[in-house]
Amino acid sequence: MVTFIEIAAGSNEGSRFKIEPGKTIGRSHADIVIKDPKISSTHGEFALDGKGQLVLMDLGSSNGIHINGRRVKKVALLPGVVFELGRTQLRVVTVEENIAVDFGRFVTWRGIVGAQLSTMTIANEKRSVNLQSFSPALKLIFTQGIQADEEIILGYGPRSAGSDSLDIELLDEDAPSQAFELHPGPGMVELKVTATGQVTLNNKSIDAEMLKDGDLISVGNTRIKVSYL
């Protein structure tokens with residue numbers, strides 16, 4: 001049998017992770033990363049106890065591990081057990097070895113929709129998107145917020161960002177569904193704000209502006225540093 005944890009409630013609900021002794025779980029510096037601001041960078045570690053039972057050990061996290069509202073130092077990972085890390089609820093699931101590969105694939109509604117869109121022909125499409133390269137390529141570095149420590153390298157555009165975007169997804173709870181777009185320009189990338197008043201560039205509200213190296217895009221509690229490669 002192979003053991004997984006499945007996100008039952010929280011960001012990326014439905015995603016599954018195979019767990020093994022020695023793996024860590026946390027918000028950023030961990031083998032299994034869950035984007036929850038209430039989860040510590042390295043929150044816990046999976047291990048075998050004295051009886052050979054797989055457990056999750058708290059690594060001195062700020063908010064701990066909870067079962068039924070009670071904080072615990074470790075949780076035995078038995079099938080069906082439900083526990084909480086931060087605002088995320090997780091469920092333990094075990095499956096046969098022969099179906100573990102398919103079971104462990106990343107499964108969320110965004111992933112399903114994205115996969116479907118890539119194979120669909122949209123009827124009555126009125127315009128086509130003319131993709132152009134970003135020259136030089138653009139790197140977005142998340143310096144603050146739930147996605148801190150993430151980096152995204154973009155080689156072409158236009159690209160869109162927002163909480164409902166299948167392109168650049170913003171996990172900040174205050175991020176608008178469509179926050180901004182990035183368009184190719186002559187030697188630079190143009191930022192076009194689609195959520196006026198909710199996105200700033202270098203702490204200034206704008207509609208559109210060419211991005212310079214070192215610029216700072218702010219959305220909610222998220223800060224994104226711009227860098228050209």
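This section describes the sheets, salt bridges and two buried loop residues of a predicted protein model.

The secondary structure of the model comprises 2 helices and 22 strands. Of the 229 residues, 40% count as buried. Among contacts that link residues at least 6 apart in sequence, 39% join residues at least 24 apart. The structure holds 8 salt bridges, three of which are treated individually below.

An open sheet of 6 strands is arranged in the order S2-S1-S11-S10-S7-S8, with antiparallel pairing. Its edge strands are S2, spanning residues 16–18, and S8, spanning residues 70–72; each of these pairs on one side only. Neighbouring strands of this sheet are turned against each other by 35 degrees on average, direction being ignored. Within the sheet, strand S1 (residues 2–9) and strand S11 (residues 88–95) are paired in the antiparallel sense over 7 bridges. One of the residues of this pairing is Ile-5, whose bridge partner in S11 is Val-92.

The pairing of S1 with S11 is accompanied by a salt bridge between side chains of these strands. Arg-91 forms a salt bridge with Glu-6, and the closest N and O atoms are 2.9 Å apart. Because Arg-91 belongs to strand S11 and Glu-6 to strand S1, the pair ties together parts that lie 85 residues apart in sequence. The two partners can also be described by their accessibility. Arg-91 is partly exposed, with a relative accessible area of 32%, whereas Glu-6 counts as buried at 13% relative accessibility.

Two further salt bridges involve lysine residues. Lys-18 is bridged to Glu-20, with the closest N and O atoms 3.6 Å apart. Lys-18 is partly exposed, with a relative accessible area of 36%, and Glu-20 is likewise partly exposed, with a value of 35%. Asp-215 forms a salt bridge with Lys-212, for which the closest N and O atoms are 4.0 Å apart. In this pair, Asp-215 counts as buried at 5% relative accessibility, while Lys-212 is partly exposed, with a relative accessible area of 44%. Elsewhere, salt bridges that share partners join Glu-6, Arg-16 and Arg-91 into one network.

Another open sheet is formed by 5 strands in the order S15-S14-S16-S17-S20, and its pairing is mixed. Strand S15 (168–169) and strand S20 (208–210) stand at the edges with a single partner strand each, so one side of each is left without a neighbour in the sheet. Strand S14, which covers residues 159–162, runs parallel to S15 and is joined to that strand by 2 bridges. In this parallel pairing, Ala-161 has Ile-168 of S15 as its bridge partner, and Gly-162 stands opposite Glu-169 of S15. By contrast, S14 and S16 run antiparallel and are joined by 3 bridges. Here the bridge partner of Arg-159 in S16 is Leu-182. Strand S14 thus has a parallel pairing with S15 and an antiparallel pairing with S16.

The loop between S15 and strand S16 (180–184) contains Asp-172. This residue is buried yet has no salt bridge; Arg-223, the nearest side chain of opposite charge, is 6.3 Å away. A salt bridge requires a side-chain nitrogen of Lys or Arg within 4 Å of a carboxyl oxygen of Asp or Glu. A polar atom of the Asp-172 side chain does, however, lie 2.8 Å from the backbone nitrogen of Asp-174. With neighbours within four places in sequence left aside, Asp-172 is in contact with Ile-146, Gln-147, Val-219, Gly-220, Asn-221 and Thr-222.

A second loop residue, Ser-61, is located between strand S6 (54–58) and strand S7 (65–67). Ser-61 is buried, with a relative accessible area of 7%. The side chain of Ser-61 places a polar atom 2.9 Å from the backbone nitrogen of Gly-64. When residues up to four places away in sequence are not counted, Ser-61 touches Ser-40, His-43 and Arg-71. Both loop residues are therefore described by burial under the 20% limit of relative accessible area, and by a side-chain polar atom positioned at a backbone nitrogen, that of Asp-174 for Asp-172 and that of Gly-64 for Ser-61.

Key. Residues are numbered from 1 along each chain as its sequence is written. This is a predicted model: local features need pLDDT of at least 70, side-chain atom pairs count only at pLDDT 80 or more; totals for chains, interfaces and linings use all residues. Side-chain values use heavy atoms; hydrogens and water are left out. Two strands pair if DSSP finds at least two bridges between them. Helices (H or I, at least four residues) and strands (E, at least two) are DSSP runs, numbered from the N terminus. Buried means under 20% relative accessible area, exposed over 50%, partly exposed in between (1.4 Å probe, protein chains only). Lys and Arg count as positive and Asp and Glu as negative; His and the chain ends are not counted. A polar contact is a pair of N or O atoms within 3.5 Å; within protein, one must be able to donate a hydrogen and the other to accept it, and residues adjacent in sequence count only if both atoms are side-chain atoms. Contact means heavy atoms within 4.5 Å. Axes are lines fitted to C-alpha atoms, for helices over the stretch in contact, and angles run from 0 to 180 degrees between N-to-C directions.
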